[in-house]
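Please look through the model below before reading on. The notes are meant for someone who has not seen it before.

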Amino acid sequence: MVAADAEGGGVIRPLGEQGRRLRALPGLPSDDGHDAGSAIRVPDLAAAVRSLEAAERPRWVWADARRVYPALLAAGVRVSRCHDVALTENLLLGADGRHGEPRRVEAAYARLHGLPVPGDPHEPSGAHPAGGTQASLFEPAAPRPDAAAEAGMVAEVFGDQLRRIARTPDPGRFRLLVAAESAGALIAAEMGHDGMPWREDVHDALLTELLGPRPAHGMRPAKLQALADEVAAAFGHPVNPDSPQQIVRAFKSVGIEVPSARSHVLKSVDHPAVAPLLAYKELARLYSFHGWTWAAQWVSGNRFRPEYVVGGVVSGRWATSGGGALQIPKVMRRVVVADEGWTLVVADAAQLEPRVLAALSGDRGLARAAGEIDLYAALAQAFGGARESAKIAMLSAMYGGTSGDAPKLLAVMRQRFPKAYAFVEDAARAGEEGRLVRSWLGRTCPPPSERWRRLVTGPEGARAARDRGRFTRNFVVQATAAEWALTLLAVLRGLLRELAGGPARLVFFQHDEVMVHCPLDLAGEVREAVGRAAEEATRLLFGDTAVRFPMEAVAVTCYADAK
DNA sequence: TAACGGAGCGCC
DNA sequence: AAAGGGCGCTCCGTTA
């Protein structure tokens, strides 16, 4: 079912068999004279979606959930499932090594018909650096087409996308990826709408405790100013502690050479300015990043409402385009408190990435270890008995680490877990040679930039190649981990909707961690749902595997108590 | 005045 | 404890 919105109304266009039934539905005009093709104009899109959702739970096909869904949520309408054309276009373009090309439905339609593509930067070189999807996320806004025209485009591009999906190396997996990504679009919009519980009074008290009272505009909070004064006194002259350059120069003026002003560098410097400087850095970040100004913009009604960007990271992890939801300092967790009579169910996947590697590579030995709750402990024996050695070996394999004991431990890994070792080595080799790698479900890494291609043949070539090898080595694992987490989230959302009329709400998702806000008496069932969702995600991705993906959920009143 | 890159640091 | 990769955001300081 295609839905497109417009000022004061919208268009619904049935697809396939559902369309014939649609016309008999009450509450929708069967023919109001504005029927373009099979498109039906409706005066109130939200009401029309609500009635269709109740009647037959279609898969809604729309240009971009971010365009359509927030208005539906505002009208109190939620849907079960959708196909997000823009996100799918992004995945399909990526699969062809065409990261960064415009992904909006207008662009997809234009490409399909050989027309000029709106929003295409058409710069042949250097336009799409590896790691940059920004161009596709913030395309110049083309004029919105009429809703009926948009519905037509969406229907046509959708059909084309289904054909392109069928031509991918593994259509079954790619379909799952598209479904999960689209579910993510719904969840992101819903989480932005519902918001995460955020006690404004607790936040203010915390800031006041750490920084002093909220300062007048343009002033530093009292405790920050006091620390800045201490720094100045230690150097004998004013130094802006927010300026790394000034800090380095100030140390030079007292005969201390530091390569940078980073905290870990300053920690080993013996000078009276160091202590207040380190304290200042920590508090200043809190003040500017998650202080009163931030709260005024992102917190309202005791809810933190960030803007999530599904697929905003090339690996498929989410990003945010505001609010910094994925970088909330741990000290702020005490501000996240369940409503009266409600609770927060918090769960994170333990040792997700090594488990993903075990499943991805089909390494039986590693999979056996990944059948245990503590994977690293299970591996310890293979690495000389130390759990820590096993951990270093796995992390080095997945991230391309070479320092310390890594080479020795990787040699052990190569011998004991040859398939897992070969899997990440192959990914690294592909990256070094400029090739593409794909996740388990078919998300594709960006191709190397023109700049990289020039660099790799030059004197710095070996380094450039190694860097990209580390990126692709990590990509296959991180992107598959993101797929598992997203699938879990989609399944969990479905389970929560079935629970007691659906009051439980997903309110936070951070790579491998989820938070549900629910009435106290549902805590047990929600915790159970998290476990079931983890099992179902594992089955959907990897079928019958020995690898376990433990997801322990705890119910807490305050986020800070979750760990 | 606006735009931009670098530095720095929070999260996973 | 840390190595590795990925981000967002804010500040500074320079350039257009």
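The numbered points below go through the DNA surfaces, some helices and strands, and two single residues.

1. Status. This is a predicted model. The values in this note are computed from it and should be read in that light.

2. Surface near DNA strand B. There are 17 residues around DNA strand B, and the nearest of them are Ala 261, Ser 263, Arg 285, Gln 327 and Asp 512. Of the atoms of DNA strand B that come within 4 Å of the protein, 76% belong to sugar and phosphate. By class, this surface has 7 charged, 5 polar and 5 nonpolar residues.

3. Polar contacts to DNA strand B. Which part of DNA strand B does the side chain of Ser 263 approach? An N or O atom of that side chain is 2.3 Å from a phosphate oxygen. Asp 512 has a polar side-chain atom 2.7 Å from a sugar or linking oxygen of the strand. Gln 327, in contrast, is placed by a base: a polar atom of its side chain lies 3.2 Å from a base nitrogen of DNA strand B.

4. Surface near DNA strand C. Here 27 residues surround the strand, with Ser 243, Gly 322, Ile 392, Tyr 399 and Arg 470 coming nearest. Sugar and phosphate make up 69% of the atoms of DNA strand C that come within 4 Å of the protein. The residues of this surface divide into 15 polar, 7 nonpolar and 5 charged. Helix 11 (244–253), helix 13 (274–290), strand 10 (319–322), helix 18 and helix 22 supply at least two residues each.

5. Polar contacts to DNA strand C. Two arginine side chains are to be noted at the bases. Arg 317 has a side-chain N or O atom 3.2 Å from a base nitrogen of DNA strand C, and a polar side-chain atom of Arg 285 lies 3.4 Å from a base nitrogen of DNA strand C. Arg 285 is also listed among the residues that come nearest to DNA strand B. At Gly 324 the contact is through the backbone, with a polar atom 3.5 Å from a phosphate oxygen of DNA strand C.

6. Helix 18. This helix (residues 387–399) has 13 residues, which at 1.5 Å a residue should span 18 Å; the end C-alpha atoms are 18 Å apart, in agreement. Its buried residues are Ser 389, Ala 390, Ala 393, Met 394, Ser 396, Ala 397 and Met 398. An α-helix has 3.6 residues a turn, so residues three or four places apart point the same way. The buried residues of helix 18 pack against several helices, among them helix 15 (352–361), helix 20 (418–432) and helix 22 (461–498). Helix 18 is followed by Gly 400, with a positive phi near 80°.

7. Helix 8. How many of the 24 residues of helix 8 are buried? The count is 19, so helix 8 is largely enclosed by the rest of the structure. Helix 8 (residues 171–194) reaches 34 Å from first to last C-alpha, close to the 34 Å expected at 1.5 Å a residue. Gly 195, just after helix 8, takes a positive phi of about 80°.

8. Leu 91. This residue is found in helix 4 (residues 85–95). Its relative accessible area is 4%; a residue counts as buried under 20%, so Leu 91 is buried. Beyond its neighbours up to four places away in sequence, Leu 91 touches Phe 174, Leu 177, Val 178, Glu 181 and Arg 443.

9. His 271. This residue sits in the loop between helix 12 (263–266) and helix 13. His 271 is buried, with a relative accessible area of 15%. A polar atom of its side chain lies 3.0 Å from the backbone nitrogen of Ala 273. Leaving aside neighbours within four places in sequence, the contacts of His 271 are Ala 234, Phe 235, Phe 251, Val 254 and Ile 256.

10. Strands. An open sheet of 3 antiparallel strands has the order 6-8-7. Strand 6 (196–197) and strand 7 (299–300) are at its edges with a single partner strand each, so one side of each has no neighbour in the sheet. Strand 7 is joined to strand 8 (residues 303–304) by 2 bridges, and Ser 300 stands opposite Arg 303. Elsewhere, strand 2 (residues 9–13) has 4 of its 5 residues buried. Strand 2 runs antiparallel to strand 3 (residues 40–42), with 3 bridges between them; Val 11 has Arg 41 as its bridge partner.

Key. Residues are numbered from 1 along each chain as its sequence is written. Chains are lettered from A and ligands numbered from 1 in the order in which they are written. This is a predicted model: local features need pLDDT of at least 70, side-chain atom pairs count only at pLDDT 80 or more; totals for chains, interfaces and linings use all residues. Side-chain values use heavy atoms; hydrogens and water are left out. Buried means under 20% relative accessible area, exposed over 50%, partly exposed in between (1.4 Å probe, protein chains only). Two strands pair if DSSP finds at least two bridges between them. Contact means heavy atoms within 4.5 Å. A residue is near a molecule or strand if one of its heavy atoms lies within 4 Å of it. A polar contact is a pair of N or O atoms within 3.5 Å; within protein, one must be able to donate a hydrogen and the other to accept it, and residues adjacent in sequence count only if both atoms are side-chain atoms. Ala, Val, Leu, Ile, Met, Phe, Trp, Tyr, Cys and Pro count as nonpolar, Asp, Glu, Lys and Arg as charged, and the others, Gly among them, as polar. The expected span of a helix is 1.5 Å times one less than its number of residues.
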